[in-house]
Protein chains: 2
Amino acid sequence: MLAGHRTWIFDQKPVITATGTVGGPFEANGMLADDFDLLHEDLWIGQDSYEKAHQLLFEEACQKAMEKGGLRKDQVQFILGGDLINQITPTSLACRTLGAPYLGLFGACSTSMEGLALGAMIINAKGANHVLTGASSHNAAVEKQFRYPTEYGGQKPPTSQWTVTGAGAALLSGDGKGPRVTSATIGRVVDMGLTDPFNMGGAMAPAAVDTIEAHFIDRNIEPSYYDLIVTGDLGEIGHAVSLDLFKKHQTPIHETQYKDCGIMIYRKGQPVYSGGSGAGCSAVVTYGHLLNQMKKGEIKRMLVVATGALLSPLTFQQGESIPCIAHAVSIEAEEGDS
Amino acid sequence: MLAGHRTWIFDQKPVITATGTVGGPFEANGMLADDFDLLHEDLWIGQDSYEKAHQLLFEEACQKAMEKGGLRKDQVQFILGGDLINQITPTSLACRTLGAPYLGLFGACSTSMEGLALGAMIINAKGANHVLTGASSHNAAVEKQFRYPTEYGGQKPPTSQWTVTGAGAALLSGDGKGPRVTSATIGRVVDMGLTDPFNMGGAMAPAAVDTIEAHFIDRNIEPSYYDLIVTGDLGEIGHAVSLDLFKKHQTPIHETQYKDCGIMIYRKGQPVYSGGSGAGCSAVVTYGHLLNQMKKGEIKRMLVVATGALLSPLTFQQGESIPCIAHAVSIEAEEGDS
């Protein structure tokens, strides 16, 4: 099951039997609106705080996944998830409603693939028949906590990114029909000394490259094995930095083969600076748009590399540089699928 | 591997080959001082912030475990850990130093056993030869964040608890000599509507009881199977509430068999109110004192039930009750050990 230093090969190939994706108003105007199960017209979603709205996003994504997978709440054995809010309370409170045993994760925006890797590990080892895993973020809740309340109307530099309001969840099972989770490479903390919290993409790119290159060494395959390699939320700047690093390291990854969820999710002209970000970004793009593409046969094999900046407002204030991480999971179309 | 609804049986019985425990000045004056590998005389540990001191605690605990286990940094394949600080930055920054691939966890004070359960899952599935897992807390860093800076000298009610300054880490391997991790029961979020953040023990007790009772049903064993059942940090009040609930449910757990890490760690007369708490509490007591007792043959089988209150200052301010969780892991002396 272990390949190389830090890659797991899932010989049972756990199946993503269903997914749920929920978005907010900004995502409804984005490039991938058609790929969401549910879109909300406003950021409050009928709640009296952004954090409660955030919680509801995750609840709804999980409920959608269960509904589409034909499973009742009590058939889900474990939920693995997390978010960016202090003490990941939106996810924990959602799990109070959802009811299943819960493993709380914190990997910042890498949480989606941390959860999918660990969920696949559990299913592969027959530690469960069905698990739910996902991640979420809420623009106004996250901005308020990490930077300023959006109501202040603060200015941001073009290197900054726009936190996605959205939640994506996957129902992972030991059998059934759907895309298969075939391997995972766990990231280590990479910190190149960058300190600007308005340029997370640039800070996270080396972590993404480190994990992607480790994946190919550990699995002893070439990048051409995948139709698509997609990072979580590096945005325009981080995506460009990654491509530069691949070139420098002579890693044969072509521009056409390498995308970023943070670039894909919004439309040109939306004021999202360098692109989307947030723990929900890679979750909604992967569990919505990309798996839909896989169902249509447009992608057969992909490597999803969720990237996280493990900083906090406090570490920034204390002069720390930004520790980053990236976890990669390979998802492949079931044999015989179109 | 799955027993009942939410219990994993580890048939490979992963081995705790070594542990590391580090404490602060309050712990040095406590009941279990002799069981620490390293004790610091002051809370700053030579750092210029409590958070950096917190980070160092975890680094040192991991280093001690590696040193005692005779492993180099690069032989540890994964680190699973977390703490209570926003975005678990002390653990993430420690992993920047430690270097191994890292899976960040958030289970509040239940993190120690969440990590041991997942670490054992990975070792059992042959996803690694060696993993490190642990949890930590720092009294002044945690108090500052969740309540008031201790320098304010704020008063607390007797139901409150004293956050442990300490870190405990376990080196878990596929083979070797030492206590075995035999099973784990994952907790669900239990919230009985309590809202007082100065009575966490009372709030967490029902979650502990829920997980403990599920463990016996899932494994189809009686509580008498264990020499010791120990909760993480319920303190005097939570411990009494748990005993009441066991009685009410006719669960045959005797007072002599059931202890709490938060009660054990400090000496009578130390001003710790209802007892110790914090993510480091169950980690240092389990990986120090209790495993030492197991080595001496005083305990053969124990069930460690780390308990967590998944609230944040914000959820409290927003009027939420306290969502709680508990994860249980059974540790048994190796066959043939004294």
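This report describes a predicted model of two chains, beginning with its confidence and symmetry and moving on to the contact, two helices and some individual residues.

Residues are numbered from 1 along each chain as its sequence is written, and chains are lettered from A, with ligands numbered from 1, in the order in which they are written. Because this is a predicted model, local features need pLDDT of at least 70 and side-chain atom pairs count only at pLDDT 80 or more, while totals for chains, interfaces and linings use all residues.

**Confidence and symmetry**

Chain A has an average pLDDT of 96, and 99% of its residues score at least 70, where pLDDT is the predictor's confidence in each residue, on a scale from 0 to 100. For the model, the scores are ipTM 0.97 and pTM 0.98. Chain A can be superposed on chain B by a rotation of 180° with 0.0 Å of shift along its axis, at an RMSD of 0.0 Å, and the two copies are thus related as by a two-fold rotation axis. Both copies use the same surface, since 98% of the contact residues of chain A recur in chain B. The superposition is by least squares on the C-alpha atoms of residues with pLDDT of at least 70 in both copies.

**The contact between the chains**

The contact draws 51 residues from chain A and 50 residues from chain B, two residues being in contact if their C-beta atoms, placed from the backbone, lie within 7 Å. On the side of chain A that touches chain B, the elements giving two or more residues are strand E5 (78-82), helix H3 (89-98), strand E6 (102-104), helix H4 (111-124) and helix H10 (313-317); helices (H or I, at least four residues) and strands (E, at least two) are DSSP runs, numbered from the N terminus. The residues of this side divide into 26 nonpolar, 17 polar and eight charged, where Ala, Val, Leu, Ile, Met, Phe, Trp, Tyr, Cys and Pro count as nonpolar, Asp, Glu, Lys and Arg as charged, and the others, Gly among them, as polar.

**Two helices and a cysteine**

Helix H9 (residues 279-295) of chain A has 17 residues and spans 24 Å from its first C-alpha to its last, close to the 24 Å expected at 1.5 Å a residue, the expected span being 1.5 Å times one less than the number of residues. H9(A) has a kink of about 35° centred on A:Thr286, and 14 of its 17 residues are buried. Helix H2 (residues 50-69) of chain B has 20 residues and reaches 29 Å, close to the 28 Å expected, and 18 of its 20 residues are buried.

A:Cys261, in helix H8 (residues 261-264) of chain A, is buried, with 32 other C-beta atoms within 10 Å. Not counting residues up to four places away in sequence, A:Cys261 touches several residues, among them A:Cys281, A:Ser282 and A:Thr286. A:Cys261 and A:Ser282 are 21 residues apart in sequence, yet 5.7 Å apart in space, C-alpha to C-alpha.

**Residues with positive phi**

A residue is buried if 20 or more other C-beta atoms, placed from the backbone, lie within 10 Å of its own, exposed if 12 or fewer, and partly exposed in between.

| Residue | Phi | Place |
|---|---|---|
| A:Gly297 | about 85° | just after H9(A) |
| B:Gly70 | about 70° | just after H2(B) |
| B:Lys13 | about 45° | loop between strand E2 (7-9) and strand E3 (15-23) of chain B |
| B:Ala108 | about 50° | loop between strand E6 (102-104) and helix H4 (111-124) of chain B |

B:Lys13 is not a glycine and counts as partly exposed, because it has 19 C-beta neighbours inside 10 Å. B:Ala108 is likewise not a glycine, but B:Ala108 is buried, with 32 other C-beta atoms within 10 Å.

How values were computed: The bend at a residue is the angle between axes fitted to the seven residues ending there and the seven starting there.
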